[in-house]
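Trainee: Could we go through this structure together, one question at a time? I would like to learn how to reason from what I see.

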Amino acid sequence: VAEDGEYKFATMLEEIPKGTRKLVRLQGANILIFWYRNELYAIENRSPAEGAFNQGFEQARFTQNYGILCPSTETEFNMKTGEVMTWLPNNAVLRLLTPPCPPLEVFPVKVEQGEVRVAVPDGGERAYFDGGATSSFERNNVFGIEPRMYLEDGTYIDDDGVTQSQLDPGII
């Protein structure tokens, strides 16, 4: 769960009827606000279980035990704590080869005078990537690590995209 920051206005309560979800942007984060069992929840709208492509939780399914499922991997996250409850349930090989992803970010939410307010940790505007090739900004996402590209003639492309001279096999 994200540490309490200052509660910031997210939306009016009447804009989120029960049974609906609303996406808001606060301090650079895309936050999904929704109802579950007559309580409002606020989570980051980016599944830590997904790699470069990320469709968010706007169409995600809920479980009976306060879980929300990643739409593409079906990894189950606890919507109260963000912890991974079930890691990659439909892919036994990948589940064995990769450690569980980081927890989902969960934000404290409260309603005051008809306003839905979300506590986003302080620290100013943060870099936030919502899908695409740069979504692994935290560099701990195994799906976002790109291996070095070697060409048939023995040259390789370095991290800056520049073709370098042939490699000496004795050095490798």
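Mentor: Here are some questions and answers on the sheet, the cores, the rings and a few single residues; keep in mind that the model is predicted.

Trainee: Let's begin with the sheet. In what order do its strands lie?

Mentor: Start from the edges, E2 and E8 (106–107), since each pairs on one side only. Moving inward, E2 (residues 21–26) pairs with E3 over 6 bridges, and E3 pairs with E4, also over 6 bridges. The sheet is open and its pairing is antiparallel. The order of the strands is E2-E3-E4-E8.

Trainee: Which residue in the turn of the hairpin of E2 and E3 has a positive phi?

Mentor: Look at where the two strands meet: Leu-26 has Ala-29 in E3 as its bridge partner. The hairpin has 2 residues between its strands. Most residues other than glycine have a negative phi, so a positive value deserves a second look. In this turn, the residue with a phi of about 50° is Gln-27.

Trainee: And which residue stands opposite Ile-33?

Mentor: E3 and E4 pair in the antiparallel sense. The partner to look for is in E4. Opposite Ile-33 stands Ala-42.

Trainee: Now the inside. Which element gives the most residues to the largest nonpolar core?

Mentor: That core has 18 residues, and Phe-34, Ile-43 and Phe-57 are among those with the most contacts inside it. The elements that give two or more residues are E3 (29–36) and E4 (39–44). With 3 residues, the element that gives the most is E3.

Trainee: How many residues are in the other core?

Mentor: This core lies apart from the largest one. Its members include Ile-16, Ala-29, Ile-33 and Trp-35. The number of residues is 14.

Trainee: What is the angle between the planes of Phe-57 and Phe-77?

Mentor: Phe-57 is in the loop between E4 and E5 (67–69), while Phe-77 is in strand E6 (residues 76–78), so the pair links distant parts of the chain, 20 residues apart. The centres of the two rings are 6.2 Å apart. The pair counts as edge-to-face because planes over 60 degrees apart fall in that class, and here the angle is 90°.

Trainee: Is Phe-57 buried or exposed?

Mentor: The cut-off for buried is under 20% relative accessible area. The value for Phe-57 is 0%, so this residue falls below the cut-off. Its ring partner Phe-77 has a value of 0% too. Phe-57 is therefore buried.

Trainee: Which ring lies under the charged end of Arg-37?

Mentor: Arg-37 lies in the loop between E3 and E4, and it has a positive phi of about 50° although it is not a glycine. With a relative accessible area of 42%, Arg-37 is partly exposed. Its charged end sits 4.6 Å from the centre of a ring that belongs to a cluster with Phe-34, Tyr-36, Tyr-41 and Phe-62. That ring is the one of Tyr-66.

Trainee: Over which ring does the charged end of Lys-18 sit?

Mentor: Here the distance from the charged end to the ring centre is 5.1 Å. The residue that carries the ring is a member of the 14-residue core. The ring is that of Trp-35.

Trainee: Which backbone nitrogen lies 3.2 Å from a polar atom of the side chain of Thr-75?

Mentor: Thr-75 lies in the loop between E5 and E6. Its relative accessible area is 0%, so Thr-75 is buried. Beyond its neighbours in sequence, Thr-75 touches residues including Ala-49, Ile-68, Val-84 and Pro-89. The backbone nitrogen belongs to Leu-88.

Trainee: One more, please. Which backbone oxygen does the side chain of Thr-98 reach?

Mentor: Thr-98 is placed in the loop between helix H1 (92–97) and E8. With a relative accessible area of 12%, Thr-98 is buried. The side chain comes to 2.7 Å from the oxygen. That backbone oxygen belongs to Leu-94.

Key. Residues are numbered from 1 along each chain as its sequence is written. This is a predicted model: local features need pLDDT of at least 70, side-chain atom pairs count only at pLDDT 80 or more; totals for chains, interfaces and linings use all residues. Side-chain values use heavy atoms; hydrogens and water are left out. A nonpolar core is a set of buried Ala, Val, Leu, Ile, Met, Phe, Trp, Tyr and Cys residues joined through side-chain atoms within 4.5 Å. Buried means under 20% relative accessible area, exposed over 50%, partly exposed in between (1.4 Å probe, protein chains only). Helices (H or I, at least four residues) and strands (E, at least two) are DSSP runs, numbered from the N terminus. Rings of Phe, Tyr and Trp (its six-membered ring) pair if their centres lie within 6.5 Å; planes under 30 degrees apart count as stacked, over 60 as edge-to-face and the rest as tilted. A charge sits over a ring if NZ of Lys or CZ of Arg is within 6 Å of the ring centre and within 35 degrees of the ring normal. A polar contact is a pair of N or O atoms within 3.5 Å; within protein, one must be able to donate a hydrogen and the other to accept it, and residues adjacent in sequence count only if both atoms are side-chain atoms. Contact means heavy atoms within 4.5 Å. Lists of a residue's contacts leave out its neighbours within four places in sequence.
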